[in-house]
Amino acid sequence: MRTLLISLGVVWALASCEIVRADPPRRTRASASTQAAPPSGTSDIWQVTYLGKTRIGYSHTLSRPVQIDGKSLIKTDAETHLTIKRFGQTLQIETREEEEELPGGELVSFVYDVKNPPAAPTRTVGRVRGSFLVGESTVAGTPHEFSLPWEAATKSTAYVDRYPRLHPFKPGDAINLRVFMPDHMQVSDVRFRAMRQERVIGLDGRRRSLLRVNMVESVMPQSPMEVYLDEHGDPVVSTTEMLGQTLTTYTVPAEVAVKEIAGEGLDIAVNTLVRTTAIPRAHFTTRAVYRIKMKGEDPTPFFPIDANQKVIRTGPDECEITVRCVRPATSNRSIRFDRQYLEPSQFLQSNDREVLIHVDRAARNLVEPSKIAIAMEKYVDHEVQKKDFSTALASAGEVARTLQGDCTEHAVLLAAMLRARNIPSKIVVGLVYIEPLSSFGGHMWTEALLGDHWVPLDATLGNGEAGIGAAHIKLGESSFADKGPTPTTAFLPLVRVLGRIELTVVEASLQ
């Protein structure tokens with residue numbers, strides 16, 4: 001179950017990618033056949049992860065009882081390895097998590113590391129101190145302290161795995177756990193509901209009678225999981241829907257988890273494109289109307305309504321979205337806004353020295369906010385020349401130094417530069433029209449508050465005064481604030497709709 005949660009937290013950021021065979025990982029322990037029997041209370045689980053029929057990685061979770069400063073604790077070390085290709089470039093992501101908890105599952109401390117070269121590794125370290133969770137997050141080599149209100153009964157993610165073993169489920173049982181998710185830096189309600197025994201085929205081809213348990217977490221409520229438990233309460237198979245396919249983990253022997261994977265990869269970039277009719281000069285349209293159909297589910301909750309985008313439900317599994325172009329211009333009026341859209345953060349380091357250098361080069365002596373925004377959008381489009389798809393999400397400070405990346409890097413650098421000149425900004429995730437393919441695909445861009453309205457800016461297009469047209473459809477947004485959910489949370493709606501929707505262009509106007 002832990003593996004599926006971590007995989008969910010990574011795959012959404014790679015929505016336009018191509019999966020390839022994984023290189024054989026470095027062995028970190030002896031094979032199962034040569035190891036001594038583990039001490040009592042130890043759990044040692046190896047799993048492999050598949051998206052559709054393609055294997056994308058493996059994980060290892062080791063939990064054991066320990067004595068620390070005279071206290072009886074349970075210590076868990078978990079690692080996940082994914083190897084992916086995006087537009088011909090290999091992308092490798094490795095997550096490592098250490099947790100210490102009380103025997104009842106209450107979290108005591110954690111360490112969460114993410115490695116995704118060439119971006120700098122990130123690390124978050126936290127410890128419960130009284131009624132607060134305190135610690136430090138390091139992004140792009142810069143540490144940031146945090147302090148979050150804490151409820152003593154909050155469980156660790158490792159306890160989610162152990163719970164069915166400690167408290168065996170029977171069909172009809174329902175339970176709710178409050179769990180802290182280090183990858184999201186949020187507390188989530190994890191809800192279990194035991195269903196019935198089912199015959200399930202494992203990775204080894206054997207059919208077994210397993211208990212199906214539905215599992216939903218409040219951080220990702222639209223991504224329910226089906227977990228199949230054996231008679232001991234251990235997960236054998238876990239599944240959820242993602243990018244229009246099934247994301248599956250299988251519990252396997254260690255030697256199966258780390259062996260080399262052979263065969264051709266699945267082109268997920270092509271599989272998740274939303275095909276539609278051609279839109280002439282799409283990024284210069286002033287208004288467009290789209291009909292979205294999502295088989296078996298109401299699509300309207302996934303598409304927010306704002307001044308630039310209207311959403312109307314037209315059927316049980318259908319909606320109509322009207323998008324209008326808003327060109328950069330500053331009105332004489334202003335509106336109140338939350339300071340989180342103006343303050344520097346770990347991923348939007350608007351006070352970073354290198355970011356400020358680019359700000360001076362882009363805006364020079366400009367004063368009028370809309371002119372500053374236009375100049376910065378064009379500057380980032382021109383300066384970020386190396387289109388590097390090997391990083392899922394780099395911070396603005398890193399992009400300012402490397403001047404490479406894809407749409408995510410363009411968006412974060414522009415957002416940070418805007419804040420440096422006192423212009424509120426946010427990050428937007430959604431769908432963008434890809435002219436050569438007559439399709440919509442996953443994308444990230446920026447919005448700036450200019451006077452009394454939020455104006456979309458896309459530094460991968462650099463359209464300037466013309467605006468970005470009506471060929472961007474919003475799914476989510478984020479301030480990337482340190483005190484809010486992790487930036488990756490903004491991608492969750494995108495993961496749910498890609499590969500599942502049909503899109504029809506009803507109308508597109510150039511006037």
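Two strands are taken to pair if DSSP finds at least two bridges between them. Strands (E, at least two residues) and helices (H or I, at least four residues) are DSSP runs, numbered from the N terminus. This is a predicted model, in which local features need pLDDT of at least 70, side-chain atom pairs count only at pLDDT 80 or more, and totals for chains, interfaces and linings use all residues. Residues are numbered from 1 along each chain as its sequence is written, and side-chain values use heavy atoms, with hydrogens and water left out.

**Strand S20 and its partners**

Strand S20 covers residues 425-434, and 9 of its 10 residues are buried, a term that stands for under 20% relative accessible area (exposed is over 50%, partly exposed lies in between; 1.4 Å probe, protein chains only). Antiparallel pairing over 10 bridges joins S20 to strand S21, residues 439-450. Within this pairing, Lys426 is placed opposite Glu447 of S21. The two strands S20 and S21 make a hairpin with 4 residues between them, and Ser438 in the turn has a positive phi of about 45 degrees. S20 also runs antiparallel to strand S23 (residues 472-478), to which 6 bridges connect it. Here Val429 faces Gly476 of S23.

**Aromatic pairs and charges over rings**

A pair of aromatic rings is described by the distance of the centres and the angle of the planes. Rings of Phe, Tyr and Trp (its six-membered ring) pair if their centres lie within 6.5 Å; planes under 30 degrees apart count as stacked, over 60 as edge-to-face and the rest as tilted. The whole structure contains 12 aromatic pairs, including the two tabulated below.

| Pair | Centre to centre | Angle between planes | Class |
|---|---|---|---|
| Tyr163 and Phe192 | 6.2 Å | 10 degrees | stacked |
| Tyr341 and Trp454 | 5.3 Å | 65 degrees | edge-to-face |

Tyr163 belongs to helix H2 (residues 157-166) and Phe192 to strand S11 (residues 186-201), so their pair ties together parts that are 29 residues apart in sequence. Tyr163 is buried at a relative accessible area of 11%, and Phe192 is buried at 3%. In the pair of Tyr341 and Trp454, Tyr341 is found in the loop between strand S19 (318-324) and helix H5 (353-363), whereas Trp454 is in strand S22 (residues 453-457); the pair links distant parts of the chain, 113 residues apart. Tyr341 counts as buried at 15% relative accessibility, as does Trp454 at 17%.

One aromatic cluster is formed by Tyr159, Tyr163, Phe169 and Phe192. A charge sits over a ring if NZ of Lys or CZ of Arg is within 6 Å of the ring centre and within 35 degrees of the ring normal. The charged end of Lys155 is so placed over Tyr159, 5.1 Å from the ring centre. Arg281 lies over the face of Phe284, 5.0 Å from the centre of the ring.

**Helix H5 and its surroundings**

The axes of H5 and helix H8 (residues 407-420), as lines fitted to C-alpha atoms over the stretch in contact with angles from 0 to 180 degrees between N-to-C directions, come within 9 Å and cross at roughly 75 degrees. H5 is therefore roughly perpendicular to H8, a class that spans 65 to 115 degrees (under 35 is roughly parallel, over 145 roughly antiparallel, and the rest oblique). Val355, Leu356, His358, Val359 and Ala362 of H5 make the contact with Leu413, Ala416, Met417 and Ala420 of H8, where contact means heavy atoms within 4.5 Å.

Gly397 lies in helix H7, residues 396-402, and is buried with a relative accessible area of 2%. Not counting residues up to four places away in sequence, Gly397 touches Gln349, Asp352 and Val355. The C-alpha atoms of Gly397 and Leu356 are 9.6 Å apart, with the two residues separated by 41 residues along the chain.
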